[in-house]
Amino acid sequence: PLYDEKISNYVIRQKKIFSKKVDIMTKKCPGCGSTIDNNLTICERCFKIKNYSEYTYVTSNKGNLNKIISQIKKNDLIIYTVSLLSLNNIENIIKKFPTNNIILVLTKKDILPKSVKDKKIIDYIKNKNIKISHIEIISSLKNYNIDKLFKTIEDCKSNGNIYFIGNTNAGKSTLINKLLNNQGSSNNPITCSLFPNTTLDKIEIKLGNKTFYDTPGLIEENNVTNYLDSQTIKKINIKKEIKPKTRKVSQNKSFIIDNLLRIDYLSNIENSLTFYMNNNLKLESVSLKNPRLTTLPSTTINLEAKKDIVIDDFLFIKITKPCKIKIYSNFNKTIYER
């Protein structure tokens, strides 16, 4: 019996030691959700992003919509964050959510020209007949409508679990940080960057009787960031209010945008093209016979009236009259009409 007691005590001690090891292995970085050692505050990758703006690409399959929504219950609340420069396909994503208790949050209002009014954007979304509870247009940078959004969250009936879902670079983690900061929360800020896979796994944040969940950013197959290196992503990223560039055009004219994109105007009527993009990108007007970038893959579009040419998270081009254009780029799959 004494021997058995020693063995039993040994097993109990080993279980305690193993339990502590499990605790060490399962602690999550509050910045990105990755597993870290128990004695660390944040992971090395988040530390470098926050302090040195050094980003390390990490391959992750956590930003998979089906995996994310499998964890959501019907009485949970979804905050679906979408950049105002990336409004394509939102209705198809919302259809997959297991609940209609959804607040659609359109972010980065500060980068659109002030002439673009909230009502016009909201009417555009409502015309899609999407089943959602509310639409809010916000700017985390300018603290625009953040408190209004928090009140909307409080007014929505839920069991306390609130999931933030959105594409990469939609401003999802930045929004959570702003909400927490405005409510005087002492939670560690979530790591934010303009690159995909910054948030690697689900992050749980407590705020009063509510539980926020930041989820990995969704990466759409046709997103422009899939085709660009980190330096080019930084170059096209829009941080300040867009100053539209309007150009009058007739036949035999082409436009080149920072050697990334070429647009040939092929119609014989006078027209007007307005470019909405990073103010620092170089816009050149050249002859149609100029050979630059013509070796890139091309696509030809017959554009109807009142439609834009759009590349999500890069630019959109407003064209006044119906016309025919040809676009050369390495990311033609990302181009669509709106």
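Let me begin with how the chain folds back on itself: if we take the contacts in this protein between residues with a separation of 6 or more, 70% of them join residues that are 24 or more positions apart. Please keep in mind throughout that this is a predicted model, and that the values I quote are computed from it. The protein has 338 residues, and buried residues make up 49% of them. Its secondary structure comes to 8 helices and 16 strands, and its accessible surface is about 18000 Å², with 49% of that surface belonging to carbon and sulfur atoms.

Let me turn to the interior. In soluble globular proteins, nonpolar side chains tend to be buried together. Here the largest nonpolar core has 34 residues, and the members that touch the most other members are Tyr80, Phe97, Leu106 and Ile165. Which elements give two or more residues to this core? They are helix 3, strand 1, helix 4, strand 2, helix 5, strand 3 and strand 4, and if you would like to find them on the screen, helix 3 covers 65-69 while strand 4 covers 161-166.

Tyr80 is a useful residue to follow by eye. Once we leave aside its neighbours within four places in sequence, Tyr80 is in contact with a list of residues that includes Ile90, Ile93, Ile94, Phe97, Leu104 and Ile165. There is also a second, separate core, made of 29 residues, and among them are Ile236, Ile263, Met277 and Leu315.

Staying with strand 1 for a moment, I would like to point out Ser83, which is placed in that strand. Is Ser83 buried or exposed? With a relative accessible area of 2%, Ser83 falls under the 20% cut-off, and therefore counts as buried. If we do not count residues up to four places away in sequence, Ser83 touches Thr107, Lys108, Asn169, Ala170 and Asp313.

In the loop that follows, between strand 1 and helix 4, we meet Asn89. Asn89 has a positive phi, near 70°, in a residue other than glycine, and at 22% relative accessibility it counts as partly exposed. Asn145, in the loop between strand 3 and helix 6, also has a positive phi, about 65°, although it is not a glycine.

Next, a pair of helices. Helix 6, residues 146-155, packs with helix 7, residues 172-182, at an angle of about 85°, and their axes are 10 Å apart. That angle is why we call helix 6 roughly perpendicular to helix 7. Helix 6 makes the contact with Ile146, Asp147, Leu149, Phe150 and Ile153, whereas helix 7 brings Leu175, Lys178, Leu179 and Asn182. Sorted by class, this contact has 6 nonpolar, 1 polar and 2 charged residues.

Helix 7 has further partners. Its buried residues are Lys172, Ser173, Leu175, Ile176, Asn177, Leu179 and Leu180, and these pack against strand 1, strand 2, helix 6, strand 4, strand 5 and strand 6. Just after helix 7 comes Gly184, with a positive phi of about 70°. Further on, in the loop between helix 7 and strand 5, is Lys202, which is partly exposed at 23% relative accessibility. The C-alpha atoms of Lys202 and Tyr213 are separated by 6.3 Å, while the two residues are 11 residues apart along the chain.

Finally, let me take two residues from later in the sequence. Leu266 lies in the loop between strand 9 and strand 10, and its relative accessible area of 29% makes it partly exposed. How far apart are the C-alpha atoms of Leu266 and Cys323? They are separated by 7.4 Å, with the residues 57 residues apart along the chain. Leaving out residues up to four places away in sequence, Leu266 touches Gln251, Leu288, Lys324, Ile325 and Lys326.

The other residue is Ile311, found in strand 13, residues 308-311. Ile311 is buried, with a relative accessible area of 2%, and, not counting residues up to four places away in sequence, it touches Val224, Leu261, Phe331, Thr334 and Ile335. Ile311 and Lys333 are 22 residues apart in sequence, and their C-alpha atoms are 9.3 Å apart in space.

Technical notes:
Residues numbered from 1 in each chain as written. Predicted model: local features only at pLDDT ≥ 70, side-chain atom pairs only at ≥ 80, totals over all residues. Heavy atoms only, no water. Core = buried A, V, L, I, M, F, W, Y, C linked by side-chain atoms within 4.5 Å. Buried < 20%, exposed > 50% of the residue type's maximum accessible area, 1.4 Å probe, protein only. Helix = DSSP H or I, 4+ residues; strand = E, 2+ residues; numbered from the N terminus. Contact = heavy atoms within 4.5 Å. Axes fitted to C-alpha atoms, helices over the stretch in contact; angles between N-to-C directions. Parallel < 35°, antiparallel > 145°, perpendicular 65-115°, else oblique. Nonpolar A, V, L, I, M, F, W, Y, C, P; charged D, E, K, R; others polar. Areas by Shrake-Rupley, 256 points an atom, 1.4 Å probe, with all protein chains shown as cover.
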